[in-house]
Amino acid sequence: MERLLQTIVLLGALQGFIVSGLLFFSRRLRTANRLLAWLILLMSMCCFSLYGSYINWLDSKWLNFLASILPLIVTMPIGPLLYFYIQSFLHPSFKLGKRERWQFFPAIIDLGKTIIALIFVTGVLMGVVKNDPRPWGIFIDHYNVYTDIPRWVSMVVYVTLSFRYLNKYKQTNKDAPGLKWLQQLIGAFAIFAAVWVIYLVPYVIPRYTNWMLSKLDWYPVYIPVTVLIYWLGIRGYLITWQLQTAEKKAELQLSEATVDTALESLKRSMEQDRLYLNTTLTLNMLAAHTGLPAKTISAVLNQHLHKNFNEFVNSYRVELFKERLAKDDAGQLTFAGLANDCGFSSPATFQRVFKQLTGMSPSEFRKTLPEARS
């Protein structure tokens with residue numbers, strides 16, 4: 001029976017490695033899938049590490065040392081990854097900014113074992129620490145026990161935040177695709193958190209810790225983790241494929257009236273409202289301005305103008321730049337200043353886009369103007 005459970009844990013880890021790779025390089029929902037890939041990868045690393053300890057892969061002084069140095073069990077980021085995955089799934093333009101990145105900082109708790117081991121090794125090499133690993137090993141064992149508390153708290157906090165975020169989103173977007181999947185995802189992690197705390201409460205009590213490990217080992221926690229890996233990998237990958245298929249079908253079903261209305265609205269937004277002058281313009285912002293679904297805008301641009309959103313907006317910015325450069329007083333302005341006035345967010349982006357759309361650099365284009373040749 002124990003051998004069977006170990007095999008299940010190993011297979012879960014291997015599937016997690018494979019699926020996380022597929023999700024990471026998926027073109028659809030790129031940010032969301034990469035976040036999900038990291039989430040599955042971290043869980044798979046935990047299972048892989050546990051299986052390695054069962055079959056004595058680390059049964060040597062040097063491998064044990066490497067296991068102490070390498071952070072194989074990193075779980076603090078799982079909560080933030082879940083939370084940000086849900087946001088990026090619902091909003092494809094979502095990006096991890098500074099505010100989001102700092103929420104991964106508590107992962108330093110997972111690195112505690114590595115830091116302690118490095119302090120010990122460095123101290124021994126410098127001659128300031130006695131070469132006796134036993135007290136350090138005991139301290140690491142105790143550290144590993146009690147770090148499960150902030151790990152569990154982190155997961156519960158982010159499951160709660162994810163639940164609130166999804167409920168708020170549903171109030172105005174009841175028919176958005178993928179909502180059922182996200183509800184199931186949050187529910188699965190909530191169930192896992194409940195299972196984990198049932199195991200955790202007696203585990204962190206010193207007189208029960210060894211008894212729990214000798215009687216139950218880590219199977220009550222890691223078998224659910226393995227199930228989550230299987231489910232997340234299969235459902236996460238399938239939902240991406242299903243959304244892509246549904247999007248293609250929706251694109252094919254656009255009526256001629258819808259296309260004409262969308263093209264007119266997009267043209268008015270650029271030529272009259274001049275939205276392209278906004279350096280931070282996004283597809284969602286354009287959708288909000290026109291009242292058109294973002295998917296409809298993308299479909300119309302791709303199928304009828306043969307451009308993506310960035311190419312569509314940048315074409316107006318480049319044309320405006322060319323017009324302003326041709327004016328008599330344009331020589332007093334720098335390319336960077338003109339580009340910013342035309343809606344480009346940075347000189348580097350402007351240079352790249354201008355050459356891509358015109359086949360020449362801005363300076364080469366200036367030489368083609370009448371006043372430059374005279």
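A residue is taken as buried when its relative accessible area is under 20%, and because R151 has a relative accessibility of 10%, this residue counts as buried. The structure examined here is a predicted model, and the description that follows begins with the helix that holds R151.

R151 lies in helix 8, which covers residues 148-170. Beyond its neighbours up to four places away in sequence, R151 touches I73, T75, M76, D110, N144 and W196. The length of helix 8 agrees with expectation, because its 23 residues, at 1.5 Å a residue, should span 33 Å, and the C-alpha atoms at its ends are 33 Å apart. Several positions along helix 8 are buried, namely D148, R151, S154, M155, Y158, V159, S162, L166 and Y169. An α-helix has 3.6 residues a turn, so residues three or four places apart point the same way. The buried residues of helix 8 are covered by elements that include helix 4 (78-90), helix 7 (133-146) and helix 9.

Helix 9, which comprises residues 179-203, contains Y203. With a relative accessible area of 4%, which is under 20%, Y203 is therefore buried. Among the residues that Y203 touches, leaving aside those up to four places away in sequence, are V145 and D148, together with T209, M212, L213 and W218. The contact with D148 joins positions that lie 55 residues apart along the chain, and the C-alpha atoms of Y203 and D148 are separated by 9.6 Å. D148 is itself one of the buried residues of helix 8.

A further buried site is found in helix 1, which covers residues 2-24 and includes Q6. The relative accessible area of Q6 is 8%, and Q6 is therefore buried, since this value is under 20%. When residues up to four places away in sequence are not counted, Q6 touches Y51, Y54, I55 and Y219.

The cysteines were considered separately, and a search of the whole structure finds zero disulfides. C47 is accordingly in no disulfide, and the nearest cysteine sulfur, which belongs to C46, is 6.8 Å away. Because a disulfide requires a pair of cysteine sulfur atoms within 2.5 Å, the separation of 6.8 Å does not meet the criterion. C47 is also buried, with a relative accessible area of 0%, and C342, at 0% relative accessibility, likewise counts as buried.

Definitions and conventions: Residues numbered from 1 in each chain as written. Predicted model: local features only at pLDDT ≥ 70, side-chain atom pairs only at ≥ 80, totals over all residues. Heavy atoms only, no water. Helix = DSSP H or I, 4+ residues; strand = E, 2+ residues; numbered from the N terminus. Buried < 20%, exposed > 50% of the residue type's maximum accessible area, 1.4 Å probe, protein only. Contact = heavy atoms within 4.5 Å. Expected span 1.5 Å × (residues − 1).
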